[in-house]
Each structure stands twice: as C-alpha cells, then as structure tokens.
2 protein chains.
Amino acid sequence: MSGVAATGISVLLVDDHPIVRQGYRRVLESQGDLHVVAEADNAADAYGAFKAHDPDVVLLDISMPGASGLEAIRNIRARSPRARILVFTMHNEAVLVKAAFGAGASGFVTKSSEPSAVVTAIRSVARGERAMSDDIAHILAEDSLSAGSALDQLGEREIEILRQFAGGATTEQIASHLNLSVKTVQNYHYLIKTKTGARTDAQLVRLAASRGLTRI
Amino acid sequence: MSGVAATGISVLLVDDHPIVRQGYRRVLESQGDLHVVAEADNAADAYGAFKAHDPDVVLLDISMPGASGLEAIRNIRARSPRARILVFTMHNEAVLVKAAFGAGASGFVTKSSEPSAVVTAIRSVARGERAMSDDIAHILAEDSLSAGSALDQLGEREIEILRQFAGGATTEQIASHLNLSVKTVQNYHYLIKTKTGARTDAQLVRLAASRGLTRI
DNA sequence: TTGCTGCTCGGGCAATTTTCCCAAGCCGGA
DNA sequence: TCCGGCTTGGGAAAATTGCCCGAGCAGCAA
C-alpha cells in the first residue's frame, strides 16, 4: 500500500539544506532498495509531502531553523500513526533524543554516523523496529544512569525560575521578582540542573528555548 | 601541476560528518569537471590531505566541533599561498564570514545555497576569483551599513569559544577541544561577557543564538 | 629598526557562586 | 494519621568569577 515498488523502501527527505538533501538522495539511491520519493525543506511542508507520497520512512533533520522538528514529528504521527520517522541531526543531547522519541520518532541517528549506519537504520525503521546510532545509545544509557528526564518533572516554581533565568534575569532579579532569598533561587537553579540533566547554564537555556519556555 | 586531469578541478572535502561528505562527493562528481581527490574530517588532517593531493579547491566546513576551521584555513594558506579555499557552512553570521575571508578563504557559501550555486562557486574559486552566495553577500552588505553588533567586537578566538559555550559545552570541554587551559577559557568567558555587556550566561546564549552563532 | 597596538595565553587571589546535604512547614492523598 | 512531594532556606566545602597582571607574538607605522 505504500512506497513505490513492492521490493523497495520509499523515503521522504526533510532537511533545510538543499545540497545536503541532494547528497542524501544520492547516497540513499545508490543502495538500490532505497528510493527518495519526495523532499521538504521545512517542518510545515513535511506533512504535506508525507500525505502526498505516503513514504515508508521519513528521514528528518530536526535542527531546522525556526520551526520545531518535534512539531513535525508530532504532526505526522498524529494523522498517520503508522508513519516511521528517523530523526537525523548533528545534535546529540539526551534531552533532544528523548523528546524526539517522545514525539513519536522511530529512530535517531547523528550526522557523525557512518553512511552505512544510517542506511541500516532506515531499513530497521522500515521494518517497524526502533533504531539508533551507537553514540546515541551511549548518551541515553549514561543519561538514564545519572538522572534526568526533561522539563516535565519540574514543579511550578522551578518552571517559573527557569523561565526567568533563561530569559536572561540574574539570580538577584529572580529573587526579588518572586520574593525569595537569593539562596533559594540558587538552590532551585541547582535543582533544575540536576533534574534536567543539564551540565551548564547554556544547556539549560537551550532546553528552555527548545521547549518554548522562552523565545530567542 | 595540480589536480588530476588538465581539464578537471580537483577538490579536497573537509567536513566532520561522513554522510554529508559522501553526499557532497556524489553531488560534485556528477558534474563531470569536478573530482574529489581526498576527504578529511577535521581541521588537523586537512593540511596533510592538502599536501598529499594538492587540490585546486578545498571545500571546507568551518563548523566542525573543537578545532577552529579558521585555523585550518590559515594553516593551509601559510604553507601554500596559492591554495583556494571555499568555506561552506550553515552559519551565516557576518563576523564569521569576515573572519574566514580574513584568514585567507577565497569564497564563502552557506548550506542553504542551491547545489548549483555551490558548484558555480567552486568553479569561480578555482579560477582564482572570489565567490560568495547571495545570502552571504546580503549579510555582508547589511553589516557594512549597520553600526556593528556586540559580536563584532569579539576576536575570532572569542567567537569560537562563545560558539562552543552557547552550544552547551563545558569549560573543560572547550579547553580540551581548543587545547587551552581551563583558566584561559574562563578568562575568555569573562572577557566575552564584558565586551558584549551580557550579565549572565543565559544572556550570552541568547545573544549568540540571535546572531546565528548557534542554533537552538 | 624601534616602538606601539592588539590578540592570545595563562597565573594570582579575593569575592562570589555552585554544589550538595540538611531541616522545617505546608498540603494532598492513601 | 502518615507519607511523599513541594517550597523555602541554612551551612560548608569546592569551584568559578571578576579583575588584575605579564609574556609572547604578529602586524603596522614612523
């Protein structure tokens, strides 16, 4: 019912860089069993292309500017639960990986992976299996040992403090805004970091921004 | 004297993502007159590959983790002033572009460019001309009109450190990536904050993100 | 050539912050 | 009632920051 031929795997390519897209296309098509049936350069077009071509696998770069790739995943999965989405990005942060799987992705590979690993992942995902590259597995494993899930585990106060912090407020400003002692804000700051698994403030800001807690 | 055939343009490909490299290779080779004679996945190997193959053009992604791509440019140019280096990256911040040209690059194209524009740029650079994609020209033009942002006051080392910091790297990671002492990275961190006027790390991340130094 | 200037690199050290561990009050649920 | 989680903060050692400094080196101008 899907794809081009009974013997091939049809792929929808979503990446905002034309030449990168074209590169993938050629790499995949050289495999013989993989066929790129459509391309999209942004999250918004991704679902339209999906509907039009019903591919076996969506190869999706979630580091597109502006629109959230996670949005695209959720979008496609909401309307076509059988869609297989393989996320392909240069980012390798645990929170991102988990968010992608949480949104409905079937696999996650980094751009540092060998082309053969990507091709293997595409075939796995097409068979309905879950796939991820070795480095991603490593990161998730480490992450599961240490602590963290993402922002969902934060309390109301923690979310508010994280929002103000990510917005650029100093500890003193947050304390006075919320009528707290500086010490309490510092303690929250530390708690938020441990809960989210962020190792630096920058990671915290990125996390908050990627989840819509703050705009940049 | 250089390249493979008298009628072709030989290219050295430097990018840290294997599949992206392979994609470029196929795109370029399909042109007929372009031949990828070598690849490298980091700045350190780039010069060795250059020496070994003496390519007409080096296609270099300067957004590689750790090592500064600018370093690679200067490295190659210092030993082989006739080298033609085409910088190819997803970043489009004016300071980066200027730094690249300042380091000796012959051209600058973004990954948002059409493949045909990249190919055209390679041919221009091989002829000894300067080349840049339309969006880069636009950015430089606008930049020359505007009074200059806070980021323009930063040196290239500072830019590189800010990029890695905003990307979520810890001080230790940056230090080891760049072969610097932790103390030096800390000093740069402080200097960057004072130069840009950022009072918190979060503000620094926001600044970097808003200027395209990092994506969120 | 000499000097100046700017970038890079790091030491030093006091002040501040971070990192953890802890306790206490409050509130909702079992 | 008791338990667990949230909120609020103290304490103290470890780490980082803020700001000062000097050295090396490249470019550049006089």
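Q: How far is a polar side-chain atom of A:Arg157 from a phosphate oxygen of DNA strand D?
A: A word on the setting: this is a predicted model, where local features need pLDDT of at least 70 and side-chain atom pairs count only at pLDDT 80 or more, while totals for chains, interfaces and linings use all residues. Residues are numbered from 1 along each chain as its sequence is written, chains are lettered from A and ligands numbered from 1 in the order in which they are written, and side-chain values use heavy atoms, leaving out hydrogens and water. A polar contact is a pair of N or O atoms within 3.5 Å. For A:Arg157 and the phosphate oxygen of DNA strand D, the distance is 2.2 Å.

Q: Which residues of chain B reach bases of DNA strand D with side-chain N or O atoms?
A: One side-chain N or O atom lies 2.9 Å from a base oxygen of DNA strand D, and it belongs to B:Lys183. A base nitrogen of this strand is likewise 2.9 Å from a side-chain N or O atom, this time of B:Asn187. The residues asked for are B:Lys183 and B:Asn187.

Q: Which helix supplies the largest share of the surface near DNA strand D?
A: A residue is near a strand if one of its heavy atoms lies within 4 Å of it, and 14 residues surround DNA strand D. Helices, which are DSSP runs of H or I with at least four residues, give at least two residues each in the case of H7 (156-166) and H9 (182-196) of chain A and H9 (182-196) of chain B. The largest share, 5 residues, comes from H9(B).

Q: How many residues of the surface near DNA strand C are charged?
A: Among the 14 residues around DNA strand C, the nearest include B:Arg157, B:Lys183 and A:Tyr190. Asp, Glu, Lys and Arg count as charged; Ala, Val, Leu, Ile, Met, Phe, Trp, Tyr, Cys and Pro as nonpolar; and the others, Gly among them, as polar. The surface has 3 nonpolar and 5 polar residues, and the number of charged ones is 6.

Q: What does B:Thr184 contact on DNA strand C?
A: Of the atoms of this strand within 4 Å of the protein, 69% belong to sugar or phosphate. B:Arg157 places a polar side-chain atom 2.6 Å from a phosphate oxygen there. For B:Thr184, a side-chain N or O atom is 2.4 Å from a phosphate oxygen.

Q: Is A:Leu34 buried or exposed?
A: Buried means under 20% relative accessible area and exposed over 50%, with partly exposed in between (1.4 Å probe, protein chains only). A:Leu34 touches A:Ile9, A:Leu28, A:Glu29, A:Val119 and A:Ile122 (heavy atoms within 4.5 Å), not counting residues up to four places away in sequence. Its relative accessible area is 0%, so A:Leu34 is buried.

Q: Why do the buried residues of H3(A) line one face of the helix?
A: In H3 of chain A (residues 69-79), A:Gly69, A:Leu70, A:Ala72, A:Ile73 and A:Ile76 are buried. The arc is taken from the directions from the helix axis to the C-beta atoms. They line one face because, seen down the axis of H3(A), the buried residues fall within an arc of 160°.

Q: How many residues does the largest nonpolar core have?
A: A nonpolar core is a set of buried Ala, Val, Leu, Ile, Met, Phe, Trp, Tyr and Cys residues joined through side-chain atoms within 4.5 Å. In the largest one, A:Leu28, A:Ile122, B:Leu28 and B:Ile122 have the most contacts, and its residue count is 42.

Methods:
A polar contact is a pair of N or O atoms within 3.5 Å; within protein, one must be able to donate a hydrogen and the other to accept it, and residues adjacent in sequence count only if both atoms are side-chain atoms.
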